[in-house]
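These are my notebook entries on a structure that I had not examined before. I set down what I looked up, entry by entry.

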Amino acid sequence: MNVVRRFRLVALAFMAWTLILNAFHVSQAAGQESPTAQVSPASAAAPAAPADLEQGKRLFAQNCSACHGADAGGGDGPDLHGVPASLGDPTVQGIIRRGIAGTAMPGSSTVSEKEAANIVAYLRTLNSPTTSGVVTGDPKKGEALYNSSGCPACHMIAGQGGSIGPELTRVGAVRGATNLKARLQDPGANLPQVGDGPFGSKWTQYLMFRAVEKDGRAVEGVRVGEDSFTIVLKDASGKFHGLWKPDLRSLEKEPGKSFMPSFKDKLSAAQQDDLVAYLMSLKSAQ
Amino acid sequence: MKTFLYALVIVFSLLSGPARLLAQDVSYEQLLHADNTPQDWLMYGGDYQSQRFSRLTQINRENVHSLKPAWIYQPNHPLQPFETSPVVVSGIMYVTEPLSTVTALDARLGTKIWSWSPHLPEKIFTIGVHRSNRGVAVFNNTVYVETLDAHLVALDATTGAVRWSVHVDENGQGYAMTGAPRVLDGKIIVGISGGDVGIRGFVDAYDAKTGKRLWRVWTIPNPGEPGSETWGKDMSGTGGAGTWGTGSYDPELNLLYWTTGNPAPDYNGSNREGDNLYSDSVLAIDPDAGKMKWYFQFTPHDTHDWDAIQVPVLFDETVEGKPRKLLALANRNGFYYVLDRVSGEFVAGVPFVTQTWAKGLDKNGRPIVLPNTEPTPEGSLVYPDGHGGTNWNSPSYSPQTKLFYVSAREIGAYTVAGQPKVHFPDFGGGGRNALSGDDSYGAIRALEATTGKLKWEYRLLAPAEVSTLATAGGLVFSVSDEGNFFALDAATGKLLWEFTVGGTSAESNPITYEVDGKQYLIGASGNCFVAFSLP
């Protein structure tokens, strides 16, 4: 494959991936003759009935807990404690039903307005400290550890650092503490799933692949873009490889693998908590 | 003198070269013999058999690798991706755009000639309905389109001016229209969307000239009528059997074949014990009498949203030494069916994708349902997912290879039974969580048309909701969900050409046509129509 072809593919596949990601935004509009509500009539302004907290709790467990944690303390998605108070109930209800464009937060086509209100009412009852969301470490010590452990070589925070791993500028706003700690210990395990594609599809983020070209040359990298004919992998040095699938000898997923080393044995439990505390403090937009 | 002037005009027309006679007047005779004018694409499915097979051969196995974009068309105000199946008559192409806009284009240049949009109300109920449109029908210099707020409109093919508009049913009760009409001789046949919110489905016929309704065939019986006993104790809080696909027609048998969608509430069948006739079925309708002659139900008592709205593909073939008139349909429920289209008798049926809900089909084609495959409150994993082994997007059939080309979706979903909600517009009974993209895939599959036996497949990344087009050039065209257009060898499935357009969905049915001796292939992905031709 010549350089021009490869470059064209990188551009195309990147475009395709962007489009795949963009596709996640339109899920609500694409429940092809399925129970996805497109336009909901404004519910009649009835006097507010007392919330059904039991239903809210059950629906939270069914629809939300996989990402936000069983106790809403965060996971692949953020800690939800205090969210209804800061955003207001109607906003949160809207997010539950319609999702947030450009993020991994899908809307639920099966949750009615009343049910969304019950989920929010349930979230408002969660005032006690959580187990999954608890941050015990010292963020100051964590910041020092972040810098001394080599993290900035790969990760960027507020414009500073490397671009091999995911940007962490707002990681505290989008992930839970337990999730970050698990990621430190086993970076390739349980990778986050993003998107609610046009047909409800979710895709694994940061999944590693090994491709072998016809000449035997192997490329290993994290998938940054893919369509039916192309895939773009980012290798350990951050370089993109745009590959034309029909030309490959093989293309294998490498679930569980990551370029990031495990810090399970490199840092003590207390140090890991400090590092997590620092990451959880990263919440503001640049 | 007059004669002389006419002669002069004719001579001038001949001299002026590429300027073509733009005659959009389509007669029933032309529609009956669509094969004779392969330069046109006269109707949904290409012909009354809905084979989507083109006799054009200019683009073929040998040269398809050099296919290049000729032009791109984008609507001024893209709202949703295209789902239309274009119609081409004498160099003019008619497409629909979301929500219910009709646009006429010069098919050689991609230049817009006219565009018409209805005045849609601000609030339209389209629950469970794509806010898009699947195309027009053209007949006697008139273009027929269905609108999202459930009107059927006749437009002058030359100007886009409204000839008449009829109100088909109440959008305020969930009725919406998204399909492409089917034209018979002087009759416009339409179906209806809204089955997921408990409407009562029907197929309607309207007089092509006046818009007068000629008949309505209900797809769900009234309480007390035959078939009503298949809906449990009473029929309250139920409905469905929408008719949002386009049907096919056999002029010799004078039978119209129209398919129906799922019963409602969708994922919870507890208040509709029984087979729920005539949901998830194909109905054979006598279009003169407006009467159902026979029906075949694919998924009795459906609880997985497996609308049977795929377009029926009609073909004739010898089965066990006997010539048969057949109807093929690859169903959302994961099975490929072959029926005798004279009688509705089941001929063959096999899974064409992974399916985990039925042991198989019995001798009458009824599924032998496995235990523990119903939706549960916690969610039960069943293949295929609710969008099905294939969705509404049309397959194709090549009389040359005798193969049926279909987009196959290898994906399962956790189907969740919720409390039945039976008060419009809050209507439903649960939902589904589909498996991740990395745990599923798509493919274009070539099935032996009479048996459903897999001949070859070409794998795709995502389980695609796309259509195929077969041509006499030995090709099968399709597109991936990611917007890669491609051509495969119809005999072997070998990849011969690919072009990336991108886009969020490529549901539109690609077609092919010819203008001034040049063959074009056109398909849509996202908000772009791309016409391809040889350099």
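Entry 1, charges over rings. I began with the rule that a charge sits over a ring if NZ of Lys or CZ of Arg is within 6 Å of the ring centre and within 35 degrees of the ring normal. The model is predicted, and I applied the rule to Trp218(B). I found the charged end of Arg216(B) over the ring of Trp218(B), 5.1 Å from its centre. I also found the charged end of Arg200(B) over the ring of Trp218(B), at 4.0 Å from the centre.

Entry 2, aromatic pairs. I noted first that a pair of aromatic rings is described by the distance of the centres and the angle of the planes. Over all chains I recorded 31 aromatic pairs. One of them joins Tyr48(B) and Tyr249(B), edge-to-face, with 5.2 Å from centre to centre and 80° between the planes. This pair links distant parts of the chain, for Tyr48(B) is in the loop between helix H2 (28–32) and strand S1 (53–54) of chain B, while Tyr249(B) is in strand S16, 201 residues apart. I looked up accessibility as well, and both Tyr48(B) and Tyr249(B) are buried.

I then turned to Phe477(B) and Trp497(B), whose ring centres are 6.3 Å apart with the planes at 80°, so I entered the pair as edge-to-face. Phe477(B) belongs to strand S35 and Trp497(B) to strand S37 of chain B, so the pair ties together parts that are 20 residues apart in sequence. Phe477(B) has 2% relative accessibility and therefore counts as buried, the cut-off for this being under 20%. Trp497(B) is buried too, with a relative accessible area of 5%.

I also traced a cluster linked by ring pairs, made of Phe296(B), Phe298(B), Trp306(B), Phe335(B), Tyr337(B), Phe346(B) and Trp357(B).

Entry 3, a histidine contact. Which side chain does His387(B) contact? I found a polar contact of 2.6 Å with the side chain of Arg432(B). His387(B) is placed in the loop between strand S27 (380–382) and strand S28 (396–398) of chain B, and at 3% relative accessibility it counts as buried.

Entry 4, backbone. I kept in mind that most residues other than glycine have a negative phi, and most peptide bonds are trans. The peptide bond from Ala264(B) to Pro265(B) is cis, and a cis peptide bond also joins Leu277(B) and Tyr278(B). I placed Pro265(B) in the loop between strand S18 (263–264) and strand S19 (281–286) of chain B, and Tyr278(B) in the loop between S18 and S19 of chain B.

Is Ser50(B) buried or exposed? At 0% relative accessibility, Ser50(B) counts as buried; its phi is positive, about 55°, although it is not a glycine. Asn372(B) has a positive phi of about 60°, but Asn372(B) is exposed, with a relative accessible area of 74%.

Entry 5, empty space. I counted 5 cavities of 30 Å³ or more. The second largest cavity holds about 110 Å³, and its lining includes Asp35(B), Trp41(B), Phe53(B) and Arg55(B). I sorted that lining into 5 nonpolar, 3 polar and 4 charged residues.

The second largest pocket holds about 550 Å³. Of its 23 lining residues, Glu226(A), Lys245(A), Leu251(A), Arg459(B) and Leu460(B) lie nearest its centre. The largest share of this lining, 4 residues, comes from S9(A).

How values were computed: Residues are numbered from 1 along each chain as its sequence is written. Chains are lettered from A and ligands numbered from 1 in the order in which they are written. This is a predicted model: local features need pLDDT of at least 70, side-chain atom pairs count only at pLDDT 80 or more; totals for chains, interfaces and linings use all residues. Side-chain values use heavy atoms; hydrogens and water are left out. On a 1 Å grid over the protein atoms alone, a cavity is a set of points where a 1.4 Å probe fits but cannot get out, and a pocket is an open set with protein on both sides within 12 Å along at least five of seven lines; lining residues have an atom within 4 Å of a point. Grid points are joined across faces, edges and corners, and a volume is the space filled by probe spheres set on the points. Ala, Val, Leu, Ile, Met, Phe, Trp, Tyr, Cys and Pro count as nonpolar, Asp, Glu, Lys and Arg as charged, and the others, Gly among them, as polar. Helices (H or I, at least four residues) and strands (E, at least two) are DSSP runs, numbered from the N terminus. Rings of Phe, Tyr and Trp (its six-membered ring) pair if their centres lie within 6.5 Å; planes under 30 degrees apart count as stacked, over 60 as edge-to-face and the rest as tilted. Buried means under 20% relative accessible area, exposed over 50%, partly exposed in between (1.4 Å probe, protein chains only). A polar contact is a pair of N or O atoms within 3.5 Å; within protein, one must be able to donate a hydrogen and the other to accept it, and residues adjacent in sequence count only if both atoms are side-chain atoms.
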